[in-house]
Amino acid sequence: MRVLNYLEWPSLFARSGIGTATDQQRAALERLADERDRELELVTDPWPDTLRTIPERVVDGTPVIADYDVAHCNGIGPGSVAVARHANRTGRPLLLHAHVTREDFRDSFRGSNRLAEPLGRYLRWFYSQADLVYCPSEQTKRHLESYPVDAPVEPITNGVGLASLEGYERFRDPVRDRLDLEGLVVFAVGNVFERKGLSTFCRLARRTPYEFVWFGPYDRGPHASRAVTRWTGDPPTNVTFTGWIEDKRGAFGAGDVFCFPTHAENQGIAVLEAMACEKPVVLRDLPVFDEFYTDGVDCLKCDTEREFRRALDRLARDPALRRRLGERARETAKAHGLERVGTRLYRRYRRLCDQYR
């Protein structure tokens, strides 16, 4: 079985959750391919040559798109549309992965709220072309079905690459020394967006004595939201915005408490990564997190900024609680390991192919 697992513009998404999720799918499938000895072949680029050769291929009858048995697209742009239309036209199974919804598109950059509704209409059309739509959570499934998307929708965890985080501990001292960090470090990981709880994060820093660090890229150009421009341009004295870091293990090694006051998520890969590194996690109490995490067991959940402050103070005073939550969080992360993701993807590909025989 030849699987086309496609993400267009990979360099653009390299620093995003979409890129991470796609990389993890491929890592899981490659591991499975090695185990199954040629039962599974993975293709990631549908275009055999540069786009400039496509007209010549059309003229001489050479296939424009690489051969595959099932297509799995992780993007929503023109390349994914082309693959989707090719799969439909040639009678091959098509799986579209819904990493993007209009709900989590809001509060991402300047103008994103105005674009959210037309984006939702486009996503309804695009996802409806699939034989199956995968999404990261039951909440995302409910969003898609409300559009409504005219295709079966199934949740599947994005998973977490446990192996990619091994050795995070050795980064602690070098990163803390470089950033001049002392004491308890409250941290976040990922793109700096208002939707991710940026203003809450910075207001918490102003009202607590701890060091706060946000590890991740941010835009200061014309596309940046006012909140991002404001907070990154003039942060509280105890807040550091690092920008892009080459090795995410530096963030998880240096930080002590992962604070994620996000307002909307499809799942939150960074949460699973923090849990995999045995970090105590403080989350906004969102319905999507109820699917995966339990307050007081593997995390602490908060509704208000006052509750966030109390949670951080509680963790600062109680190292045993930090350790207990971290140990249980690690067990939660293990349940989202890539071996399970790979096995489920493989079985679904097989069923889709069988439906077309």
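This passage describes a cavity, a set of aromatic ring pairs and two contacts between charges and rings in a predicted model.

The cavity comes first. A search of the whole structure turns up one cavity of 30 Å³ or more, and the volume of this largest cavity is about 40 Å³. Its lining is made up of Ala21, Gln25, His97, Ile156, Thr157, Asn158, Val341 and Leu345. Two elements, α2 (17-36) and α16 (338-355), each give two or more residues to that lining. In chemical character, the lining residues divide into four nonpolar and four polar, with no charged residue among them.

Attention now turns to the aromatic rings. Across the whole structure, the search finds 14 aromatic pairs. One of these joins Phe260 and Phe289, whose ring centres are 6.4 Å apart. The planes of the Phe260 and Phe289 rings meet at 45°, and the pair is therefore tilted, since that label covers angles that are neither under 30 degrees nor over 60. It helps to recall that a pair of aromatic rings is described by the distance of the centres and the angle of the planes.

Where do the two partners, Phe260 and Phe289, lie in the chain? Phe260 belongs to strand β10 (residues 257-260), while Phe289 belongs to helix α13 (residues 287-290). With these positions 29 residues apart, the pair links distant parts of the chain. Phe289 also takes part in an aromatic pair with Tyr293, again a tilted one, with 5.9 Å from centre to centre and 45° between the planes.

Are these three aromatic residues, Phe260, Phe289 and Tyr293, buried or exposed? Phe260 has a relative accessible area of 3%, so it counts as buried, the limit being under 20%. Phe289, with a relative accessible area of 0%, is buried, and Tyr293 counts as buried because its relative accessibility is 2%.

The wider picture is a cluster held together by ring pairs. Its members are Phe187, Phe215, Phe252, Phe258, Phe260, Phe289, Phe292 and Tyr293, so the three residues just described, Phe260, Phe289 and Tyr293, belong to this cluster by way of the rings.

Finally, rings also meet charges in this model. The charged end of Arg92 is placed over the ring of Tyr68, at 4.7 Å from the ring centre. In a second case, the ring of Trp231 has the charged end of Arg230 over it, 4.1 Å from its centre.

Notes: Residues are numbered from 1 along each chain as its sequence is written. This is a predicted model: local features need pLDDT of at least 70, side-chain atom pairs count only at pLDDT 80 or more; totals for chains, interfaces and linings use all residues. Side-chain values use heavy atoms; hydrogens and water are left out. On a 1 Å grid over the protein atoms alone, a cavity is a set of points where a 1.4 Å probe fits but cannot get out, and a pocket is an open set with protein on both sides within 12 Å along at least five of seven lines; lining residues have an atom within 4 Å of a point. Grid points are joined across faces, edges and corners, and a volume is the space filled by probe spheres set on the points. Helices (H or I, at least four residues) and strands (E, at least two) are DSSP runs, numbered from the N terminus. Ala, Val, Leu, Ile, Met, Phe, Trp, Tyr, Cys and Pro count as nonpolar, Asp, Glu, Lys and Arg as charged, and the others, Gly among them, as polar. Rings of Phe, Tyr and Trp (its six-membered ring) pair if their centres lie within 6.5 Å; planes under 30 degrees apart count as stacked, over 60 as edge-to-face and the rest as tilted. Buried means under 20% relative accessible area, exposed over 50%, partly exposed in between (1.4 Å probe, protein chains only). A charge sits over a ring if NZ of Lys or CZ of Arg is within 6 Å of the ring centre and within 35 degrees of the ring normal.
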